[in-house]
Amino acid sequence: MTALRSDRLVAEPIDIGHLRELCRMHRDETVMATLGGLRSDDETAQFLASSIAHWRSHDFGLWVWRDKATGAFVGRAGIRRITLGDRPEIELAYALMSEYWSRGLATEIGQALLDRARSMGLNDVVAFTLTTNTASRRVMEKLGMRYERDISHFELPHALYRTPPSEPGG
Ligand SMILES: CC(C)(COP(=O)(O)OP(=O)(O)OC[C@H]1O[C@@H](n2cnc3c(N)ncnc32)[C@H](O)[C@@H]1OP(=O)(O)O)[C@@H](O)C(=O)NCCC(=O)NCCS
């Protein structure tokens with residue numbers, strides 16, 4: 001139930017064994033430019049600890065995604081419980097190593113994650129990104145999410161998208 005796959009990728013719940021790959025990602029300026037900047041290895045270790053704790057509390061969270069053919073690290077993405085303002089939400093989050101960009105992989109991952117969320121009864125999912133992050137906004141649109149409003153996140157302007165309400169009887 002915890003593993004995930006898509007046409008081109010396989011995914012495993014984020015765990016302590018992923019520390020080196022995550023440190024590599026968090027030291028990559030291209031990837032981190034839209035994610036609040038570089039993170040030190042200590043910050044990544046804290047990020048990983050809280051991501052593992054999220055899995056233990058909720059039985060879902062972030063996954064590490066790999067190329068099905070080679071096993072290479074492609075990125076991290078998942079769904080997690082957050083609080084926006086004072087409202088609890090389920091967030092779809094994704095980040096890929098830059099050599100895998102522009103192949104439709106974030107959209108493929110996002111679709112697999114929204115399907116998994118729906119199978120767990122989580123139909124109301126948000127995603128947000130810097131207002132200037134056109135690629136990420138495009139991914140949200142391709143996933144059928146709808147622009148809701150601009151929000152401030154870490155004091156930076158972000159666009160918030162949400163899955164549409166499900167069809168009656170659907
Ligand atoms: C944002 C990100 C996940 C996109 O991943 P990806 O695998 O390249 O996404 P996809 O290929 O599925 O779709 C990208 C879409 O954006 C479009 N796009 C890419 N760069 C663009 C740009 N600069 N301007 C306009 N559109 C752009 C692509 O053409 C594509 O749309 P299309 O299919 O209609 O042609 C990836 O760039 C990334 O990991 N960035 C760093 C982390 C990040 O910003 N995460 C999101 C924070 S919420």
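Arg5 has Val10 in β2 as its bridge partner, and that small pairing is a handy place to start a tour of this predicted model. The pair belongs to a chain with 5 helices and 8 strands. From the N terminus on, these elements follow one another as β-β-α-α-α-β-β-β-α-β-α-β-β. The radius of gyration is 15 Å, close to the 15 Å that the globule rule gives for 170 residues, so the chain is as compact as a globular protein of that length.

**The chain as a whole**

- The C-alpha trace spans about 45 × 35 × 35 Å along its principal axes.
- Of the 170 residues in the chain, 26% are buried.
- Among contacts with a separation of 6 or more, 54% are between residues 24 or more positions apart.

**The sheet**

- The 8 strands form an open sheet with mixed pairing, and their order is β1-β2-β3-β4-β5-β6-β8-β7.
- At the edges stand β1 (4-5) and β7 (146-153); each has a single partner strand, so one side of each is left without a neighbour in the sheet.
- As general background, strands of a sheet pair through backbone hydrogen bonds, in either a parallel or an antiparallel way.
- β1 and β2 run antiparallel and are joined by 2 bridges.
- These two strands, β1 and β2, make a hairpin with 3 residues between them.
- On to the next pairing: β2 (residues 9-13) and β3 (residues 62-67) also run antiparallel, with 5 bridges joining them.
- Two residue pairs let you find this pairing in the structure: Glu12 has Val64 in β3 as its bridge partner, while Ala11 has Trp65 in β3.

**A closer look at Ala93**

- Ala93 sits in strand β5.
- Is Ala93 buried or partly exposed? It has 18 C-beta neighbours inside 10 Å, and Ala93 therefore counts as partly exposed; the cut-off for a buried residue is 20 or more.
- Leaving aside neighbours within four places in sequence, Ala93 is in contact with Ala77, Gly78 and Arg80.
- Arg162 is 69 residues away from Ala93 along the chain, and the C-alpha atoms of the two are separated by 12 Å.

**Helix α1**

- The buried residues of helix α1 (residues 19-26) include Leu22, Met25 and His26.
- Seen down the axis of α1, the buried residues fall within an arc of 90 degrees, so they line one face of the helix.
- That buried set in α1 packs against α2 (29-32), α3 (41-58), β4 (73-84) and β5.

**Helix α5**

- Which residues of α5 are buried? They are Ser136, Val139 and Met140.
- Viewed down the axis of α5, these buried residues lie within an arc of 100 degrees, so they line one face of the helix.
- The cover over the buried residues of α5 includes α4, β6 (125-130) and β8 (156-162).
- Turned away from the buried side of α5 is a face that carries the exposed residues Thr134, Ala135 and Arg138.
- After α5 comes Gly144, with a positive phi near 85 degrees.

**Around the ligand**

- There are 21 residues around the ligand, and those that come nearest are Trp101, Ala106, Thr107, Ala135 and Arg138.
- The elements giving two or more residues to this shell are β5 (87-96), α4 (105-119) and α5 (134-142).
- Which element gives the most to the shell around the ligand? That is α5, with 5 residues.
- By residue type, the shell around the ligand has 11 nonpolar, 8 polar and 2 charged residues.
- Ala135 and Arg138 are worth a second look, as they are on the exposed face of α5 and also among the residues that come nearest to the ligand.

**Two loop residues with positive phi**

- Ser102 lies in the loop between β5 and α4, and its phi is positive, about 65 degrees, although it is not a glycine.
- With 9 C-beta neighbours inside 10 Å, Ser102 counts as exposed.
- Phe154 is placed in the loop between β7 and β8; it is not a glycine, yet it has a positive phi of about 50 degrees.
- Phe154 has 6 C-beta neighbours inside 10 Å and counts as exposed.

Technical notes: Residues numbered from 1 in each chain as written. Predicted model: local features only at pLDDT ≥ 70, side-chain atom pairs only at ≥ 80, totals over all residues. Pairing = 2+ DSSP bridges. Helix = DSSP H or I, 4+ residues; strand = E, 2+ residues; numbered from the N terminus. Near = placed C-beta within 6 Å. Nonpolar A, V, L, I, M, F, W, Y, C, P; charged D, E, K, R; others polar. Buried ≥ 20, exposed ≤ 12 C-beta atoms within 10 Å, placed from the backbone. Arc of directions from axis to C-beta. Contact = placed C-beta atoms within 7 Å. Rg over C-alpha atoms; globule rule 2.2 N^0.38 Å.
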